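These are my notebook entries on a single protein chain. I looked up its pockets and its pairs of oppositely charged side chains.

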Amino acid sequence: MPKMHLHGQAVQHDDVYILANREALLRLREALDKALETNQTQATLSFCEDGEGFIIFIKPLEDFSKVMLPYFDTGYPMVGEDPFHTIGEEEYKRLYNNANQ
């Protein structure tokens with residue numbers, strides 16, 4: 001079972017951690033490689049230690065000017081487009097369904 005924990009930035013300059021077993025890292029690498037080859041959004045399924053599954057979406061993107069910053073500290077203003085809307089609902093549904101197969 002692919003297991004991965006992603007720990008993002010609470011505020012600017014915080015580090016980001018990807019903690020994962022080999023299977024999860026291989027799936028992530030495959031999705032990254034495919035995104036680079038096709039320049040299209042990809043997705044891969046992983047699980048936390050508690051068994052909760054989640055999907056990692058990888059979207060090649062050059063212009064970040066409209067995308068909100070990734071900091072999750074509630075004191076930081078959430079301005080800009082969230083990642084769901086950056087990917088788009090139809091693309092999200094397609095990738096979500098494919099990743100869950």
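**Entry 1: Charged pairs**

I began with Glu 49, which is exposed, with a relative accessible area of 54%. I recorded that the model is predicted.

Which residue forms a salt bridge with Glu 49? I found that Lys 3 does, with the closest N and O atoms 3.1 Å apart. This pair links distant parts of the chain, for Lys 3 lies in the segment before β1 and Glu 49 in the loop between β3 and β4, 46 residues apart. I noted Lys 3 as partly exposed, because its relative accessibility is 29%, and the partly exposed class runs between 20% and 50%.

I then searched the whole structure and obtained four salt bridges. I describe two others below. As general background, side chains of opposite charge can pair when their charged atoms come close.

**Entry 2: Pairs within helices**

In helix α1, I looked up Glu 23 and Arg 27, which are four residues apart and therefore separated by about one helical turn. Their side chains meet in a salt bridge with an N to O distance of 3.2 Å. Glu 23 is partly exposed at 31%, and Arg 27 is partly exposed at 34% relative accessibility.

In helix α3, Glu 91 and Arg 94 are three residues apart, so about one helical turn separates them. Their salt bridge has an N to O distance of 2.8 Å. Glu 91 has a relative accessible area of 23% and is partly exposed; Arg 94, at 38%, is also partly exposed.

**Entry 3: The largest pocket**

How much space lies in the largest pocket? I recorded about 940 Å³. The lining has 29 residues, and those closest to the pocket centre are Ile 56, Phe 57, Phe 64, Pro 70 and Pro 83. I noted that β1 (4-7), β2 (17-20), α1 (22-38), β4 (53-58) and α2 (83-87) each supply at least two lining residues. By type, the lining divides into 24 nonpolar, four polar and one charged.

**Entry 4: The second largest pocket**

The second largest pocket holds about 270 Å³ of space. Its lining includes Arg 27, Glu 30, Lys 34, Thr 44, Leu 95 and Asn 98. Elements giving two or more residues to this lining are α1, β3 (42-47) and α3 (89-99). I counted five nonpolar, three polar and three charged residues there. Arg 27 thus appears twice in my notes: in the lining of this pocket and in the salt bridge with Glu 23.

Terms used: Residues numbered from 1 in each chain as written. Predicted model: local features only at pLDDT ≥ 70, side-chain atom pairs only at ≥ 80, totals over all residues. Heavy atoms only, no water. 1 Å grid on protein atoms, 1.4 Å probe; cavity = no way out; pocket = protein on both sides within 12 Å on 5 of 7 lines; lining within 4 Å. Points joined across faces, edges and corners; volume = space filled by probe spheres on them. Nonpolar A, V, L, I, M, F, W, Y, C, P; charged D, E, K, R; others polar. Buried < 20%, exposed > 50% of the residue type's maximum accessible area, 1.4 Å probe, protein only.
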